[in-house]
Amino acid sequence: MHAGGKERLGAKRILASPRIYTWFENALGAHRAREIFVREYLQAAEGERLLDLGCGPADVLDHLPGVDYTGWDANPAYIEVARRRYAGRGNFVTGDVSQLDVPPESFDVVSAMFVLHHLTDVQCSLMLAAAARSLRPGGRLVTIDPCYAQGQSPIARWIISHDRGAFVREEKGYRGLAERHFGRVRSQVRGDLLRIPYTHCLMFCTEPLDS
Ligand SMILES: C[S@@+](CC[C@H](N)C(=O)[O-])C[C@H]1O[C@@H](n2cnc3c(N)ncnc32)[C@H](O)[C@@H]1O
């Protein structure tokens with residue numbers, strides 16, 4: 001294994017701890033980034049049924065109004081912490097997002113915060129198809145991930161290249177995946193969401209396609 005692989009494995013083990021994950025993310029400014037994501041992009045209203053894919057410890061609940069929340073994550077330690085921390089605020093499911101099993105048209109909004117860059121194209125496609133099926137007509141999927149971009153700061157590029165997620169893409173890569181499952185995909189690249197140089201790609205996907 002090359003040095004980068006070893007570094008990534010080490011970071012993966014340390015950040016698998018829910019407490020260290022939340023502390024580390026907040027030190028970088030993730031709290032503010034989540035607040036902006038919820039306010040400007042997710043725009044979830046009281047009572048909406050929200051499915052949060054790759055929810056982690058469900059930190060996003062600190063920013064949400066009284067939605068009907070379902071969080072889904074492969075890491076049982078994250079789900080355990082979410083259940084304890086946000087008891088009574090939602091349902092928390094341990095499971096792989098590429099094997100999502102939810103009734104059709106059962107959600108108003110699906111979020112996937114920092115998840116697509118952990119998944120292969122095939123896993124993304126399975127997750128996005130299931131997300132599209134799970135949305136009611138008029139529903140929306142909103143995503144955010146690190147991305148590579150022309151002209152981005154070399155520091156941002158270096159940090160992003162050392163992310164735990166091994167499938168960071170450019171905006172067009174993320175869009176291409178989403179456009180297979182949604183008739184309308186709007187995307188935006190931002191470099192101002194964290195305290196450190198960093199580049200994010202956000203997508204707002206509507207008009208779910210049959211797949
Ligand atoms: C960077 S964290 C983001 C967590 C949370 N959405 C947030 O914004 O803080 C990525 C999350 O995706 C989850 N994840 C990665 N691959 C997954 C998969 N195949 N199925 C379900 N969850 C997955 C990880 O366990 C982790 O909680």
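1. Helix α3 covers residues 30-42. A straight helix of 13 residues would span 18 Å at 1.5 Å a residue, but α3 spans only 16 Å between its end C-alpha atoms. Note that this is a predicted model.

2. Several residues of α3 are buried: Ala30, Ala33, Arg34, Ile36, Phe37, Val38, Tyr41 and Leu42. Just after the helix comes Gln43, with a positive phi of about 45 degrees.

3. Two of the buried α3 residues, Phe37 and Leu42, also appear in the description of the largest nonpolar core. This core has 59 residues, and those with the most contacts inside it are Phe37, Leu42, Leu53, Leu64, Tyr69 and Met127. In soluble globular proteins, nonpolar side chains tend to be buried together.

4. What does Leu53 touch, leaving aside its neighbours within four places in sequence? Its contacts are Trp72, Val97, Leu100, Val110, Ser111, Ala112, Met113, Val115, Met127 and Ala131. Of these, Met127 is also listed among the core residues with the most contacts.

5. Arg190 lies in strand β7, which runs over residues 182-190. Is Arg190 buried or exposed? Its relative accessible area is 13%, under the 20% cut-off, so Arg190 counts as buried.

6. The side chain of Arg190 makes polar contacts with two acidic partners' side chains, namely Glu40 at 2.9 Å and Asp192, also at 2.9 Å.

7. Not counting residues up to four places away in sequence, Arg190 touches Ile36, Glu40, Tyr41, Tyr198, Thr199, His200 and Leu202. Among them, Ile36 and Tyr41 are buried residues of α3.

Conventions:
Residues numbered from 1 in each chain as written. Predicted model: local features only at pLDDT ≥ 70, side-chain atom pairs only at ≥ 80, totals over all residues. Heavy atoms only, no water. Core = buried A, V, L, I, M, F, W, Y, C linked by side-chain atoms within 4.5 Å. Buried < 20%, exposed > 50% of the residue type's maximum accessible area, 1.4 Å probe, protein only. Contact = heavy atoms within 4.5 Å. Helix = DSSP H or I, 4+ residues; strand = E, 2+ residues; numbered from the N terminus. Expected span 1.5 Å × (residues − 1). Polar contact = N/O pair within 3.5 Å; in protein donor to acceptor, adjacent residues only side chain to side chain.
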